[in-house]
Amino acid sequence: SPAYLAFARRECSSLENVRFHEIASRDLSPIEGNSVDAVISMAVFIHLNLYDIWLYFREFERVLRPGGKVGIDFADMNRLFGRVGGRTRDELFLAQAAYYRDDPATLPALMQWNSLRGIKGVARSAGFRLVRRRGQKLLFRK
């Protein structure tokens, strides 16, 4: 979002090797090919379905230099029915299911429950391998 980019620019103003781009969904064309060392995306991929994740990894393959890294988090469907802080994950799922029932147009804003196996598969098809997992945080290398 423009507001987040303005905040990030201020916070990182002393870093000469950081660039910011506002992009359209699944379109990294403003970023030159083979020009990026790392992609970090937190609290974004939890909203993406597996098709969108595949499309983003295809774009990451284009923009990352050899050996480049991708760090993301995801909503792990295999941990769906467990505890998160004071709530169970199934309470979160059921609350979001009610939002979806009442207004299916809310789907893109809701969490999209994926699996590690599925994400690894689509990442592998785009030339990436998983090098580390810490909970729902994943690190891939090109």
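Me: A residue is buried under 20% relative accessible area, exposed over 50%, and partly exposed in between, with a 1.4 Å probe and protein chains only. Why is R129 called exposed?

Reply: R129 has a relative accessible area of 51%, so the residue passes the limit and is exposed. R129 is part of strand β7. Between the C-alpha atoms of R129 and F81, which stand 48 residues apart along the chain, there are 28 Å.

Me: On what kind of model do these statements rest?

Reply: The model is predicted: local features need pLDDT of at least 70 and side-chain atom pairs pLDDT 80 or more, while totals for chains, interfaces and linings use all residues. Residues are numbered from 1 along each chain as its sequence is written, and side-chain values use heavy atoms, without hydrogens or water.

Me: How do you know that E11 counts as exposed?

Reply: The relative accessibility of E11 is 54%, and therefore E11 belongs among the exposed residues. The residue is placed in helix α1. Its C-alpha atom and that of L94 are 37 Å apart, with their positions 83 residues apart along the chain.

Me: Why is F93 called partly exposed?

Reply: With a relative accessible area of 31%, F93 falls between the two limits and so is partly exposed. F93 belongs to helix α3, which covers residues 89-102. For the protein as a whole, buried residues amount to 32% of the 142 residues.

Me: What makes a helix or a strand here?

Reply: Both are DSSP runs, numbered from the N terminus: a helix is H or I over at least four residues, and a strand is E over at least two. The protein contains four helices and eight strands. Along the sequence they follow the pattern α-β-α-β-β-β-β-α-β-α-β-β. The C-alpha atoms occupy a box of roughly 45 × 35 × 30 Å along the principal axes.

Me: How do you know that β7 and β8 are joined?

Reply: Strands pair if DSSP finds at least two bridges between them. Five bridges join β7 (residues 129-134) to β8 (residues 137-141), and the two strands run antiparallel, so the condition for pairing is met. R129 has R141 of β8 opposite. The two strands form a hairpin with two residues between them, and G135 in the turn has a positive phi of about 65°.

Me: What makes the phi of R26 notable?

Reply: Most residues other than glycine have a negative phi. R26 is not glycine, yet its phi is positive, near 65°. The residue sits in the loop between α1 and β1. At 37% relative accessibility, R26 is partly exposed.

Me: What is the phi of N34?

Reply: N34, another residue that is not glycine, has a positive phi near 55°. N34 also has its place in the loop between α1 and β1. Its relative accessibility of 44% lies between the limits, so N34 counts as partly exposed.

Me: Which residues lie nearest the centre of the largest pocket?

Reply: A pocket is an open set of points on a 1 Å grid over the protein atoms alone, where a 1.4 Å probe fits, with protein on both sides within 12 Å along at least five of seven lines; lining residues have an atom within 4 Å of a point. By this rule 30 residues line the largest pocket, and L5, R19, H21, V39 and I40 lie nearest its centre. Two or more lining residues come from each of α1 (2-11), β1 (36-41) and α2 (50-63). The most come from β1, which gives six.
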